[in-house]
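Trainee: I have a structure open and have not worked with it before. Can you take me through it?

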Amino acid sequence: MPLFSGEVQEWDKIQKGKTNPELAIFGSSRAFIQINPEILENNLKLKTYNFGLNGSKFKMQFYRFKLYLNNNVKPKIVVWNLDTFSFSHIDSVFQPNQYAPFMLLNFKLYNTIKEYKDTHFLDFILPLYRYRDQKYWNDQIKRSKKEKLNKEGFFRNNGFKSYDREWNVNWEKLQRKPSNFNRIDFLLLEQLINLCNKKNIQLIFILSPEYYKGQPYMTNREEIIKYYKSTINKYKIPFIDYSKDTISYQKKYFYNTTHMNYKGADSFSLKLVSDLKQFLNSN
């Protein structure tokens with residue numbers, strides 16, 4: 001059942017070891033709706049899957065990655081999309097009930113999300129307690145039944161879902177403010193790098209396009225990107241920043257300042273293929 005934009009289906013696949021790509025894509029919604037694995041697979045001749053986690057920060061993406069490694073064959077290559085808000089402080093995890101089917105006695109998950117609001121230990125030790133709000137779950141089930149699925153019964157295609165959405169930004173309501181950068185969570189970036197080095201997985205970081213007029217609204221954006229580059233360059237890992245790419249200047253490819261529509265996703269995926277080749281061929 002495609003609960004929470006298909007996230008429950010994706011977690012289930014990962015946990016059951018049903019995804020074993022050569023090239024794995026990780027990140028937030030800016031990965032899962034903007035990087036088309038079919039385009040990468042057809043052009044790079046590598047089996048590709050998109051593990052982008054909707055609405056997530058790096059901490060939960062890293063949890064997904066480690067869960068993947070524990071239950072699936074390791075990929076040869078990981079392309080990880082960083083956002084300028086990947087390490088922003090949050091009080092609650094996005095769509096926490098997507099984890100409900102996987103909570104029982106899952107203390108690794110509990111330890112990952114226990115700091116967040118609305119995380120209850122009883123959900124992890126009492127069977128069915130996490131489903132106590134029957135009205136909420138009935139509403140979610142009804143909503144999921146209206147979703148359009150592919151022929152295999154999944155909401156996403158190899159983890160990817162693009163959207164045909166029109167530009168919808170009210171500039172007057174946007175506020176210029178800094179990201180509340182979480183330096184503790186930022187330490188996880190080096191943990192990821194070291195884990196990939198240990199397992200001999202080639203890691204490539206990208207920062208996918210953002211519409212150029214929206215970029216200055218995060219007032220410490222450039223400072224955050226410098227943090228990324230400083231850490232990533234230390235390990236001599238590729239980092240491709242698309243902030244100033246021509247796609248970032250074309251409003252027709254976006255439906256808001258940070259997310260591309262299906263046309264933008266396909267155009268960007270083709271450009272990403274071209275940029276990845278130089279790094280893949282070097283190994």
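Mentor: We will go through salt bridges, buried residues, surface patches and backbone angles in turn.

Mentor: This is a predicted model, in which local features need pLDDT of at least 70, side-chain atom pairs count only at pLDDT 80 or more, and totals for chains, interfaces and linings use all residues. Residues are numbered from 1 along each chain as its sequence is written, and side-chain values use heavy atoms, with hydrogens and water left out.

Trainee: OK, salt bridges. How many does the count come to?

Mentor: The count comes to 13 salt bridges. A salt bridge here is a side-chain nitrogen of Lys or Arg within 4 Å of a carboxyl oxygen of Asp or Glu.

Trainee: Which residue does arginine 156 pair with?

Mentor: Arginine 156 pairs with glutamate 7, and their closest N and O atoms are 2.6 Å apart. The pair links distant parts of the chain, 149 residues apart: arginine 156 is in the loop between H7 and helix H8 (183-198), and glutamate 7 is in helix H1 (residues 7-15). Helices (H or I, at least four residues) and strands (E, at least two) are DSSP runs, numbered from the N terminus.

Trainee: Is arginine 156 buried or exposed?

Mentor: Arginine 156 is buried, with a relative accessible area of 1%. Glutamate 7 is also counted as buried, at 0%. Buried means under 20% relative accessible area, exposed over 50%, and partly exposed in between, with a 1.4 Å probe and protein chains only.

Trainee: What about aspartate 83, which residue does that one bridge to?

Mentor: Aspartate 83 bridges to arginine 30, with the closest N and O atoms 2.7 Å apart. Aspartate 83 lies in the loop between strand S3 (77-81) and helix H5 (107-113), and arginine 30 in helix H2 (residues 29-32), so the pair ties together parts that are 53 residues apart in sequence. Both aspartate 83 and arginine 30 are buried.

Trainee: And glutamate 222 with arginine 221, what is the N to O distance there?

Mentor: The N to O distance is 3.7 Å in that salt bridge. Glutamate 222 counts as partly exposed because its relative accessibility is 45%, while arginine 221 is buried at 3%. Through shared partners, salt bridges join Arg30, Asp83, Glu210, Arg221 and Glu222 into one network.

Trainee: Changing topic. Where is arginine 130?

Mentor: Arginine 130 is in the loop between helix H6 (122-125) and H7. This arginine is buried yet has no salt bridge, and the nearest side chain of opposite charge, aspartate 123, is 7.0 Å away. Lys and Arg count as positive and Asp and Glu as negative; His and the chain ends are not counted.

Trainee: What does arginine 130 touch, then?

Mentor: Apart from residues up to four places away in sequence, arginine 130 touches Ala100, Pro101, Met103, Leu104, Asp123 and Trp137. Contact means heavy atoms within 4.5 Å.

Trainee: Next, phenylalanine 58. Buried or exposed?

Mentor: Phenylalanine 58 is buried, at 1% relative accessible area, and is found in helix H4 (residues 58-71). Not counting residues up to four places away in sequence, the contacts of phenylalanine 58 include Trp80, Phe87 and Leu189. Phenylalanine 58 and leucine 189 are 131 residues apart in sequence and 8.2 Å apart in space, C-alpha to C-alpha.

Trainee: On to the surface. Which residues make the nonpolar patch?

Mentor: Leu104, Leu105, Phe107, Phe121, Leu122, Ile125 and Leu126 make a nonpolar surface patch of about 580 Å². Patches are made of residues with over 30% relative accessible area and no salt bridge; like charges are joined within 9 Å, and nonpolar side chains (Val, Leu, Ile, Met, Phe, Trp, Tyr) within 5 Å. Accessible areas come from the Shrake-Rupley method with a 1.4 Å probe, and for residues only the protein chains shown count as cover. Isoleucine 125 is partly exposed, at 31%, and is placed in helix H6.

Trainee: What about leucine 105, what is its phi?

Mentor: Leucine 105 has a positive phi of about 60 degrees although it is not a glycine. Most residues other than glycine have a negative phi. Leucine 105 lies in the loop between S3 and H5 and counts as exposed, at 55%.

Trainee: Where is asparagine 200?

Mentor: Asparagine 200 is in the loop between H8 and strand S4 (202-207). Asparagine 200 has a positive phi of about 60 degrees and is exposed, with a relative accessible area of 64%.
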